[in-house]
Each structure stands twice: as C-alpha cells, then as structure tokens.
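This report works through side-chain interactions and their surroundings in a single chain. Charged pairs come before aromatic rings, and the surface is left to the end.

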Amino acid sequence: MRLKFLYITFLFSVNFYAQIDSSLLRRIPKDSTKQTLNMDAVYNRPFLNIGKTPIAVGGYLEANWQRLSTDGVSEGHQFQARRLTIFMSSAISKRVKFLSEIEFEDGGKEIAIEFASVDVEFHPLVNFRGGIIMNPIGAFNQNHDGPKWEFTDRPISATQMLPSTFSNAGAGLFGKKYSNNWMIGYEAYFSGSFDNSIIENTENKTFLPAAKNNPERFEEINSGTPLFTGKIAIRNSKIGELGLSYMGGVYNKFQDDGVIIDEKRRVAIFALDFNTTLPKIKTFITSELAWIKVDVPSTYGQQFGNKQFGGFIDVVQPLLTKNILGWENAILNLACRLEYVDWNVGTFNETGGNIGEDIWSIMPALSFRPTSQTVFRVNYRFQKQRDILGNPPANTAGFSVGVSTYF
C-alpha cells in the first residue's frame, strides 16, 4: 500500500508541474554517437527533466493481444496489460547519481522495485553502486525494456530458465574504458541470493525463476552467503559487443544458530552474449546463451536437473526507412527469434536414455517503428515442448500483436 501511495503521489506531482507550465518538462538530449554497452542500459533511456530540479522521470508501457493454441486447445482471444514501468533519476551532486525503476506487471497485480541504486564515480574505471541492483548475468536481464525489442514476449531462456528480471539488494563496482574503436567494461557485485525454492517449487523441477517469489531476499540471505555476479564486456564499433558473465553462490540454509545442518549447495551460471550490426544491410543480431549447474541433493528425483542449457538469437532486418504518415525516418522491420531451453541436461540412471524437459520455438515478426521510442509488432509463435520422458511434444502456435513505447 505504501508503494502504491508513493506512486500516486509521484504521478500527482508530475501532473501538477505540467499544469503550471508544460515547458517545465524538458526532454534530456541523448548523445546517439556515443558508444554504449549493455551495462549502460539503465541510463540509456529517454527522460524528462522536471523544471529546474535535479529530478528526471520516464518509463515505458507494454500491452498486447494474443491468441495461442496448444494441440488445438485455445483459451481464445486475450488482451494483456503486460507492464508499466516508471523511471526516476537524480543527479544528486557531482559524480553522484540515483536511479530507480518501479514495475507494475499484469495490470498492477504485481508491483516490484527492479532497480534503485546510488552510483558514485571515483574514476571512470572505478564506480560504486549500492542499493537494489539488477544482476548482470547475460545481457537481457539489464537491457530488458520492451520498446527496445521487436517481440511481444521476452525470451524463454531469459525468463523461464534464467530468472530475468532478477534484482537483489547488494553493492559492488563497475567501470569502462575507451580506446579508439574499442570499449571495455566490467561489473562485480555481491548481493542477495537464491534459496531452496529453486528445487522446491510448484514446477516440480529445478527452476531458478521461483526465487523471485521470495520477497525476503531483499533483507536476508537464506544461506547467509552472498551471491557474486561478475561480467566483462568488450565492444568494437565495427564488430559488435561480446559479454562474458558469471553468477554463483550457496543457495541452501546449511547452518542454523551455528549448527551445521546440511552441506553447502551451490548454484553457478555462466552466460555468453553477443550483438552486432552488419554493415551496409544493417541487419541487427543479438544473442545470449547460458549454462546452469545446481548442486541438487541425491535424495531428489531425477526430474530435478543439475544441469541446464538455453539461449536465443534475434535477427532484425530493416526493410524500409522513410517518411511514413508524417513520421520522419520511420522504420519497418522483419525479424525472427530462435530459442531453445533444456531444463534437464543428462540421461536417466536406469536406462541411459536422454532426459526430456526441453522446448524450442521459432517466432517470425514484423514491426513498425514510427520513432525509435515506439514499436508496433506482430508476432507468430511456433513452439514444441517435450516432457521429462520425451513423449511426443506439445505443439503451441498462434499470433500476438502489441505495442510498446517509452514516455
């Protein structure tokens, strides 16, 4: 309730300023020629300054219609208010910044503070960040804003294998360095961690996103041992950006009041991400792969996998860039997403046969961008998912149409 009250107060304040003088809301210009990394995504957004205050605001909206069927069975037409996200930032003082991101999902059914940090620059290579951070595993977890993507759905590997978007209370360092066409950046944080829910959940399998349902992770760590997340990214203006990241730590409660009650059980995630734009034809390609290893107790059944693998690749090809209906440099894109997840990599102990529990999907898309900050998108999903026994897959297919825009 307190968060809802603050949100209503914030909206009233913005409306109050606008009624006095619309010129008090001034769009902060962005330097489009400056090279950025995925780690810059939290600041690489359109903001409006409120008068002469140091406060800037912004956000984005995602909504869509979809009709999907699985093996001929459908829930019919569905309209979905996916998410409304509000940004607030402030230049507190010289080299001290604050940024927050509050997300309202499914029409307000879920409200979460995804990001709320204080950044202090000591040197371009040494910056402190503390508060609620987004763990930099892969690229999508940080660079997840709906208007940046040509697809109504977020990648399966990022949301149903990795727990994007995954935020925790924590602190650490980050930095960047430029040299001609090259840029290198790093991030290193200690934060809240996973808990036993990753193997004790309603999915009845090893499922890292289940940890997001535990609000206690923002004030206590189940194992008493912080999670470490680190990433190194390198970018060449003519080649693209390559990122290597790791996230790992102890997830179970192994001691109680100083008494050892279990052995330490770890979860480790390795991720590789890459994006590039092909010259001349301007094809944009972005991809992410992740490998997960979880120390599952031997008393658990084989449906709880100790290894997982998945990823996605998006290919976006501009078809037309011109003045359309009064919008200058409007863009029509043709896109396609290929994605795959295996929640249980391995074989059965008894038979040596392959364990199922995997999914793959192809999603062609057509998108229209009247401006870079707004996208209309039409997607078609064709998906096959197998159960743990490898029975004939469930076939899912259907259309989704949506809009997403910054404001």
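In this predicted model, Arg-83 has a relative accessible area of 11% and is therefore buried, because the cut-off for that class is under 20%. Arg-83 lies in strand E5 (residues 78-93) and Glu-105 in strand E6 (residues 96-105), so their pairing ties together parts that are 22 residues apart in sequence. The contact itself is a salt bridge with an N to O distance of 3.8 Å, and Glu-105, like Arg-83, is buried.

Arg-83 also forms a salt bridge with Glu-62, where the closest N and O atoms are 2.7 Å apart. Since Glu-62 belongs to strand E3 while Arg-83 belongs to strand E5, this pair joins parts that are 21 residues apart in sequence. Glu-62 is buried as well, with a relative accessible area of 4%.

A further salt bridge connects the side chains of Asp-314 and Arg-337 at 2.8 Å, N to O. This pair links distant parts of the chain, with Asp-314 in strand E17 and Arg-337 in strand E18, 23 residues apart, and both of these residues are buried. Salt bridges with shared partners join Glu-62, Arg-83, Glu-103, Glu-105, Arg-154 and Arg-377 into one network. Over the whole structure, the search finds 22 salt bridges, and the three described above are set out here.

| Salt bridge | N to O distance |
|---|---|
| Glu-62 and Arg-83 | 2.7 Å |
| Arg-83 and Glu-105 | 3.8 Å |
| Asp-314 and Arg-337 | 2.8 Å |

Strand E3, which spans residues 55-70, also holds Asn-64. Asn-64 is buried, with a relative accessible area of 6%, and, when residues up to four places away in sequence are not counted, it touches Gln-78, Phe-79, Gln-80, Arg-82, Thr-152, Val-401 and Gly-402.

Strand E17 contains Gly-310, which counts as buried at 1% relative accessibility. Leaving aside neighbours within four places in sequence, Gly-310 is in contact with Ser-157, Met-161, Glu-288, Leu-289, Ala-290, Tyr-340 and Val-341. The C-alpha atoms of Gly-310 and Ile-292, which are 18 residues apart along the chain, are separated by 8.9 Å.

Turning to the aromatic side chains, the whole structure has 15 aromatic pairs. In one of them, the ring centres of Phe-309 and Tyr-340 are 6.5 Å apart and the planes stand at 50°, so this pair is classed as tilted. Because Phe-309 lies in strand E17 (residues 307-324) and Tyr-340 in strand E18 (residues 327-342), the pair ties together parts that are 31 residues apart in sequence. Phe-309 is partly exposed at 25% relative accessibility, and Tyr-340 is partly exposed at 29%. Elsewhere, ring pairs link Phe-47, Tyr-60, Phe-87 and Tyr-406 into a cluster.

Charged groups also sit over rings: Arg-129 lies over the face of Phe-174, at 4.3 Å from the ring centre, and the charged end of Lys-205 is placed over the ring of Trp-343, 3.6 Å from its centre.

On the surface, Trp-182, Ile-184, Ile-232, Ile-234, Ile-239, Leu-242 and Leu-244 make a nonpolar patch of about 650 Å². The elements that contribute two or more residues to this patch are strand E10 (182-191), strand E11 (227-236) and strand E12 (240-250). Among the patch residues, Leu-242 is located in strand E12 and, at 35% relative accessibility, counts as partly exposed.

Definitions and conventions:
Residues are numbered from 1 along each chain as its sequence is written. This is a predicted model: local features need pLDDT of at least 70, side-chain atom pairs count only at pLDDT 80 or more; totals for chains, interfaces and linings use all residues. Side-chain values use heavy atoms; hydrogens and water are left out. Patches are made of residues with over 30% relative accessible area and no salt bridge: like charges are joined within 9 Å, nonpolar side chains (Val, Leu, Ile, Met, Phe, Trp, Tyr) within 5 Å. Accessible areas come from the Shrake-Rupley method with a 1.4 Å probe; for residues, only the protein chains shown count as cover. A salt bridge is a side-chain nitrogen of Lys or Arg within 4 Å of a carboxyl oxygen of Asp or Glu. Helices (H or I, at least four residues) and strands (E, at least two) are DSSP runs, numbered from the N terminus. Buried means under 20% relative accessible area, exposed over 50%, partly exposed in between (1.4 Å probe, protein chains only). Contact means heavy atoms within 4.5 Å. Rings of Phe, Tyr and Trp (its six-membered ring) pair if their centres lie within 6.5 Å; planes under 30 degrees apart count as stacked, over 60 as edge-to-face and the rest as tilted. A charge sits over a ring if NZ of Lys or CZ of Arg is within 6 Å of the ring centre and within 35 degrees of the ring normal.
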